[in-house]
Every structure is written in structure tokens, then in C-alpha cells.
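Hi everyone, thanks for coming along. Please have the sequence and the 3D view open, and we'll walk through a few places together.

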Amino acid sequence: MTNTSNRLQSLRDSSVSRRNFVIGSGAAAVGGAALLAACGDDETAPAATTTAAAPATTAAAETGVGTTTLGSNYSDANPKAALAAAVAATGVDTEINTIDHNTYQDNFNTYVQQPDDVMAWFAGYRMRAFASKGVVGDISDVWDNLDGMSGAFRSASSGLDGNQYFVPLYFYPWAVHYRKSLFADNGYDIPANWDEFKALCDTMEADGLIPLCAANDGRWPQMGMFDMLNLRINGYDFHVSLMGGREDWEDARVQNVFSTWEEILPYYQPDANGRTWQDAANNLGDKSAGMYLLGTFVVSNFDREAQADIIDDIDFFLFPEVNPEHGQDAIEAPIDGFMMAAEPANEAGAKALLTGLGSVEAIDAYLSVDPAVVAANSNADTSGYNALQRKSAEAVATASYIAQFLDRDTDPDFAANVVGVGIADFLATPGSIGTILADIEAKKQTFTFE
Amino acid sequence: MVGVPAALHIGLVWIPATLTVILSFAEWDNLAPLSDIRDVGFRNYWFIFTVFEGDLFGALFNNFVLIIWLTVCSAVGMLFAYLLDKNIRGSRFYQSVYYFPVVLSLAVVGFIWKSTMFSRDRGLLNTLWPGGPIDFVGDGTKIFSFDLPFLDPALGLSKNFAALLVAMAWRHIGYIMVMYLAGLKAVDQALREAAAIDGCNEWQAFRRVIFPSLKPINVIVVVITAIEALRAYDIIAALNEPRGTDVMGTLVTKSLLGEGSGRVGFGSAYGVVMLLLCLGFIIWYVINHYRESEL
């Protein structure tokens with residue numbers, strides 16, 4: 001439920017209109033069953049195997065490392081095809097085992113014990129937790145051969161021991177999205193700081209708009225707002241320390257995050273808790289709402305052909321400055337990439353594949369099929385980027401600190417079952433934040449944050 | 001012939017159940033190697049009965065509400081069966097309507113209701129509802145509640161839980177109705193006629209003649225109702241995100257499944273609490289059952 005990559009990969013859930021559902025209960029039930037059957041298909045096909053054809057002329061094929069296996073959660077059509085293209089570009093003879101992304105992530109603890117040679121995964125705590133338990137392989141020597149990866153990506157790929165366990169492929173930043181035409185028509189300016197942001201919300205409300213789209217189904221979307229406010233108010237170091245379980249949740253700094261947050265709750269779309277991010281995105285699309293803090297994957301809610309005008313019209317700005325001490329120096333940009341098994345059946349092949357996946361050729365091939373994300377490799381061909389991709393790359397390049405995301409930066413159980421619940425409770429009853437934080441702090445004591 | 005199923009049953013049910021009890025005293029992150037398991041005594045229980053007591057007692061209370069609610073639903077199901085058994089016009093049509101939800105799994109029912117009925121922005125209920133929209137899926141605020149001195153979050157019935165109860169009733173009533181329909185068909189027609197000749201009114205005939213003759217069905221319905229209420233999981237898991245109702249079943253899986261599955265001991269401790277509850281009921285049933293068969 002906290003799986004962040006759902007954001008990228010389960011995209012079309014909301015395309016069923018209300019009208020389809022009110023044509024009578026029988027028909028609605030059948031429609032629902034069909035929907036579910038569609039989900040079921042996805043889940044009951046755990047091992048759709050695609051073999052990426054290896055061009056015979058490439059270097060890796062010449063070295064004859066044999067077949068390598070790659071466990072993949074890129075189960076939606078676009079990412080799946082894109083990954084196959086990226087793997088083909090590495091030239092390593094690879095068998096890709098694609099598993100539905102929810103199933104993959106929910107069963108990862110079991111899977112990682114008998115994995116494929118290379119596994120798709122996420123950077124940050126989610127990778128470090130496995131690295132420190134020794135269930136994934138040290139690939140520091142792969143990093144010696146990687147070109148174009150910045151220091152920020154290297155540290156995001158490093159375990160607590162300083163060795164590398166991860167090769168990044170792409171990332172997507174979180175920012176405040178808006179429709180350019182709406183801002184132009186109403187003469188809105190991009191807010192640079194907190195007061196301007198609130199003033200803009202006021203103006204939008206006066207103009208009959210919902211200032212802020214708000215969703216929280218799955219309990220992760222509002223983690224983004226918490227993270228942004230915490231990064232802006234208390235800075236990146238505090239974020240890391242808080243996520244690492246080393247700070248008191250009843251601390252005045254955490255309380256400050258929530259009291260600042262409370263200032264903009266009146267501008268939220270009501271009842272955020274039950275809304276999916278896709279439903280909220282539709283309000284951004286039809287211009288009934290003004291702004292939406294979400295990852296750049298928000299554009300994938302819209303049909304690339306039928307709603308191309310909306311996609312082209314969506315732009316973002318960085319979350320405004322709240323505390324001048326930290327300005328806009330941090331950004332959230334979850335990174336997706338790959339890890340190697342602790343004892344791969346084909347180690348040479350696995351390392352060749354990882355080196356290849358970290359290369360410019362792989363990400364270029366990936367982006368040519370699915371241009372919804374931004375390359376981790378700084379040498380990647382950006383000429384094909386759309387405006388949003390270009391801006392994403394720039395925003396991350398200029399940020400001093402890159403955070404992953406609440407549920408990628410801390411113990412996933414703590415994120416999902418403690419902090420996520422606390423945030424949802426806060427949205428429903430902001431007044432009880434004192435009790436909520438006391439509860440989070442008490443429950444935090446039962447986690448080890450190893 | 002009985003040996004093989006018995007061995008399978010012991011291997012697949014009782015051994016894992018015992019392992020769950022053992023794991024509830026341990027700390028393990030669900031990753032190999034097994035040698036990493038540490039004995040932590042009653043610490044997991046200490047945590048769930050103190051730090052997480054709001055979750056635990058809230059869930060237990062919700063299971064208790066479910067027992068009462070499904071009992072009411074069973075009574076309604078019996079009433080429907082009784083009415084349909086009278087061969088009223090369109091009886092087959094009504095039977096199909098009521099029985100239809102039963103052929104769907106509760107998880108399916110949950111997904112259907114989440115998007116078609118309960119969704120705040122596009123659900124049927126909110127389309128028809130004259131007042132402001134209600135977030136049935138995400139609204140955990142209580143319709144009514146009461147405070148217990150030793151427990152922090154108040155116990156009560158949230159909007160989300162009320163919505164869940166409706167969805168569960170939709171299915172449970174049809175289920176029970178079918179069982180009673182089968183039972184009623186088997187009631188000897190001579191009994192009814194005898195009751196009529198003796199001048200019973202309808203209620204007396206039902207109360208004194210028909211209902212007692214349905215005893216085998218009644219026992220099964222009591223068992224089904226109690227077990228459904230205790231093991232409730234699927235529809236709740238489908239409809240309780242992100243700020244809804246927890247029952248024992250969802251508490252167990254929260255710590256055992258998914259990426260946050262690093263707390264095996266914790267989830268097992270919840271599981272043991274649930275096991276004890278079910279055992280209590282099973283023991284009551286078995287004792288009753290043997291007493292019956294001795295008669």
C-alpha cells in the first residue's frame with residue numbers, strides 16, 4: 001500500500017466515469033467484476049518472461065558471459081517495453097522475469113532470498129535495509145565502470161558501510177503542479193515563499209477554485225506534503241535524522257511542521273483521505289482545482305493522445321520557501337534502479353548487465369519508449385525530453401539535497417502503519433495532533449531502525 | 001482413508017498454528033537466515049497490549065460489533081427465507097436478487113463498493129445522497145463513541161465501519177437466506193398442517209413448530225455467523241484504506257505481509273490473540289456438539 005512505484009505504474013484506475021457506474025446495480029456489479037478481472041489478470045501472470053534479444057555485435061555478448069536473469073516489477077505496458085529496450089541496449093543476454101509490481105514489492109522479503117541475478121528496486125532506506133542484512137551483493141566494482149553518475153546518485157546507491165549496492169536508472173521529482181493556461185488567464189504568479197503561497201490560495205478560493213488538490217488513498221500521497229514541509233522548515237539533515245528514528249516526534253520542530261501544515265488545510269480539497277491521486281489529478285485537469293503537490297508522474301493520469309492538450313499545459317514549480325535558512329535547497333526525487341543478488345548464478349553476467357543498465361545507452365533506450373521519467377545518468381540524451389522532463393532534470397541538478405520519500409527513507413512498516421496512519425488522522429482531526437504525535441513517538445520506540 | 005486428510009490437516013493447519021505461537025515470542029525480520037531469530041519473551045505481547053493497545057482493543061471491539069451485526073443479518077436472512085418459502089409471486093426473482101452477492105467473493109464486493117458505491121466523488125451513494133458528500137472510505141470519525149478509562153482512542157462506530165457493515169450485510173443476508181430456504185423446504189408439510197389445525201397463528205406456528213424443527217440449520221448458521229465475524233478480513237482490507245476500520249485479521253497481515261513485513265513476531269502475537277478467540281468458540285461448539293450426539 002505504501003509502494004511508491006504504484007504511482008508510476010498503476011495509472012489508469014480512474015478512467016471509469018461516474019456515468020458507467022450509475023446505470024443500475026447489476027450492470028455496475030458486472031463492470032466492477034470486469035475491472036477486478038482485469039486486475040486479476042495482471043496478478044495471476046507472475047512470470048511473463050520476455051527475452052531481450054541481444055545484438056550480436058556488442059561487447060558483452062562477445063565476452064560470452066552467458067544468460068543473466070533479471071527480476072522486474074515493470075509490469076505495466078509502457079515501462080515493461082521500455083525496460084526490455086534498455087536491457088537490449090546493454091547487449092547482455094538477459095531473461096526478464098516480470099512480476100506484477102504490487103505482488104513483487106509485497107513479496108520482496110521472500111523473493112530476495114532466492115532472487116534472480118539482478119533485481120529491480122528502489123534507492124534509499126529500502127535498499128540499505130537489505131544491504132546491511134547481506135542479502136544483496138556489493139557492486140562497488142560496477143561503480144568503477146559507471147560514467148555520468150553524480151555524487152548524489154552514488155550516495156543514494158551506497159549502503160551504511162559506504163559500498164555501493166544499487167545502480168540507478170531514473171528518478172521523478174515531487175513538485176507543485178499547475179496548469180499554465182489557468183495561471184495565465186487568471187494572472188497568477190508563481191509563489192516564491194510561504195506567504196505568497198497562502199495568498200495565492202486565498203485568491204484562488206475567491207475565484208471559486210479549489211486551491212489545492214488533495215488525495216491520500218493508499219496513505220502515501222500526503223507523506224509528500226509532510227516531507228516537503230519538513231525539508232523546507234527543518235532542513236534535509238533533520239529529515240534524515242527523523243527518518244532514522246533519532247529524533248523525538250513530539251519535538252517542537254515536528255510540531256511546527258504540522259502547525260504550518262494546518263495553515264493550508266482550509267485550502268485542501270475536502271476529505272482527502274478517501275481520494276485516489278488519480279481522482280485529484282482529474283480536478284487539476286479540468287481546472288476546478290489550482291495546484292497539486294505530487295510526483296511528475298501526475299501527467300500519466302491523462303491520455304497521451306486524447307488529453308495531450310492537458311499534458312502540454314501542466315507545469316510545476318518547486319515547493320515554496322518556508323524557512324529562509326533552508327530556502328528551496330532540498331527536493332524529493334525517488335530513484336528507481338537495480339540491485340544484484342548476494343550470490344548470483346551468473347555473477348559476471350549480472351555485473352555486466354548492471355554496468356550496462358547504468359550506461360547512457362540503456363537509459364536512452366528506456367526513455368525513447370517511455371518518456372515519463374528523467375535519466376539518472378547525466379550524459380543521457382536530453383534532446384528528446386519534453387519541457388517537464390527538462391525542468392525535472394534541472395530542478396534535481398540544482399538541488400543541494402535529494403530526499404527519497406518518507407516510505408523510502410525509513411522503516412517501511414513504521415512509515416505505513418505508524419506515520420501514515422498518524423498523517424491520515426491529522427488530516428481528519430488536525431486539533432488532535434498532540435495525541436497523534438505522542439502515539440507516533442510511543443510506537444517509534446518499538447522499532448529498531450537497523 | 002481418514003489418515004491422509006488428517007495428516008494433511010495437521011501438517012497444513014496445526015503445525016503452522018503452533019509455529020505462529022512460537023514466532024509470537026520471537027523477533028525476526030522475515031529474512032534468512034533462520035538463526036537470526038531472537039527470543040524476546042513476552043515483549044511482543046507487552047507492546048501490543050500497551051503501546052499498540054488502541055489498535056488491538058479497537059480491532060477486538062470491531063470484531064465484537066461484527067458478531068452482533070451478523071447475528072442481526074442472520075435473523076433478517078431467516079425472515080427473507082420464510083417469506084420466500086411461501087411461494088409468493090416472483091419468488092424466484094427475489095431469490096436470485098438476494099443470492100447474487102453470495103456468488104461474489106467479499107474481496108470483489110469490497111472493490112465494487114469502493115469505487116461504485118462509496119467513492120466520495122463518483123460513488124452512487126453520494127450521487128443520490130441529498131446532503132454534502134461523505135467520504136465513506138476514508139472517514140474514520142465516529143458516528144457515536146464511548147470512552148473507556150483505560151483506553152485512549154474512544155471505541156465506537158465510524159462512518160467507514162458503518163459503510164462496511166452495510167456491504168457485509170448485503171452479502172451475509174443472502175447467504176443465510178439460502179441456508180434457511182433449503183431447511184424450510186425440508187420441513188415436513190404435515191407439521192405445518194397439524195399446527196394450522198390446532199389453531200396456531202402464524203407467529204406461534206413459526207416459533208413453536210417450524211423454528212425448532214430447523215435446529216440443525218440453526219446450529220450451522222450460528223457457527224457460520226460467528227466464524228464470519230471473527231475471521232472477517234477480505235472486505236475490510238478492501239475498504240478500510242486509508243483511515244478506516246481495523247479488525248484482528250487486518251492487524252495480523254499488516255505486520256506480516258507486504259514490504260513492512262519485518263515484524264513477524266508482532267503479527268504472530270496478534271495472530272495468537274485471534275487464535276485464542278476462535279479456540280474459545282470452537283471449544284464451545286465441540287462441547288455442545290458432543291453433548292447433542294450423546295442424547
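**A walk through two chains**

Let's start in chain B: apart from its neighbours within four places in sequence, B:S268 is in contact with B:T20, B:L23, B:S24 and B:L256. Before I go on, please keep in mind that this is a predicted model.

So where does B:S268 sit? Look for helix α13 of chain B, residues 264-294, and you will find B:S268 there. Is B:S268 buried or exposed? Its relative accessible area is 3%, so B:S268 is buried; the cut-off for buried is under 20%.

Now rotate a little and find B:S255. That serine belongs to helix α12 of chain B, which covers residues 248-256. B:S255 has a relative accessible area of 5%, so B:S255 is buried. How far apart are B:S255 and B:S268 in space? From C-alpha to C-alpha the distance is 8.4 Å, with their positions 13 residues apart in sequence.

Here is another pair in chain B. B:S105 is in the loop between α4 (91-99) and α5 (106-118) of chain B. With 35% relative accessibility, B:S105 counts as partly exposed. Along the chain, B:S105 and B:D234 are 129 residues apart, yet their C-alpha atoms are separated by 8.5 Å.

Let's stay with chain B and go to its surface. Which residues form a nonpolar patch there? They are B:V4, B:L8, B:I10, B:L12, B:V13, B:W14, B:I15, B:L19 and B:I22, and together they have about 890 Å² of accessible area. Take B:I22 from that group: this isoleucine lies in helix α1 of chain B, residues 3-23. Why does B:I22 count as exposed? Because its relative accessibility is 54%, and the cut-off for exposed is over 50%.

Over to chain A. Let me give you the overall picture. Its secondary structure consists of 22 helices and 13 strands. Chain A has 450 residues, and 59% of them count as buried. About 16200 Å² of chain A is exposed, with carbon and sulfur atoms supplying 50% of that area. Now take the contacts in chain A with a separation of 6 or more: 78% of them are between residues 24 or more positions apart.

Let's zoom in on strand β2 of chain A, residues 68-72. All five of its five residues are buried, so β2 of chain A is largely enclosed by the rest of the structure. Here's a textbook idea to hold on to: in a regular strand, side chains alternate between the two faces of the sheet. In β2(A), A:T68, A:L70 and A:S72 point one way, while A:T69 and A:G71 point the other way.

Which strands pair with β2(A)? One partner is strand β3 of chain A, residues 94-98: the two run parallel and five bridges join them. As an example, A:S72 has A:T98 in β3(A) as its bridge partner. If you trace β2(A), then helix α5 (residues 77-90) of chain A, then β3(A), you have followed a right-handed β-α-β unit.

Another partner of β2(A) is strand β4 of chain A, residues 118-122, and this pairing is also in the parallel sense, over two bridges. Here A:G71 stands opposite A:M119 in β4(A).

From β4(A) we can step onward to strand β11 of chain A, which covers residues 335-340. In what sense do β4(A) and β11(A) pair, parallel or antiparallel? They pair in the antiparallel sense, over five bridges, and A:W121 stands opposite A:G337 in β11(A). Strand β11(A) also pairs with strand β5 of chain A, residues 167-171, in the antiparallel sense over four bridges. There, A:F171 has A:I335 in β11(A) as its bridge partner. Like β2(A), strand β11(A) is covered: six of its six residues are buried, so to speak mostly hidden from view.Let's finish in two loops of chain A. A:D271 lies in the loop between α14 (252-264) and α15 (277-285) of chain A. A:D271 is not a glycine, but it has a positive phi of about 55°. At 30% relative accessibility, A:D271 counts as partly exposed.

Then find A:K287, in the loop between α15 and β8 (289-295) of chain A. What is the phi of A:K287? It is positive, about 60°, although A:K287 is not a glycine. A:K287 counts as partly exposed, at 28% relative accessibility.

That's the tour, thanks for listening!

Note on methods. Residues numbered from 1 in each chain as written. Chains lettered and ligands numbered in written order. Predicted model: local features only at pLDDT ≥ 70, side-chain atom pairs only at ≥ 80, totals over all residues. Heavy atoms only, no water. Buried < 20%, exposed > 50% of the residue type's maximum accessible area, 1.4 Å probe, protein only. Contact = heavy atoms within 4.5 Å. Areas by Shrake-Rupley, 256 points an atom, 1.4 Å probe, with all protein chains shown as cover. Pairing = 2+ DSSP bridges. Right-handed = clockwise from strand over helix to strand, strands pointing away. Patch = residues over 30% accessible without salt bridge, like charges linked within 9 Å, V, L, I, M, F, W, Y side chains within 5 Å. Salt bridge = Lys/Arg side-chain N within 4 Å of Asp/Glu carboxyl O.
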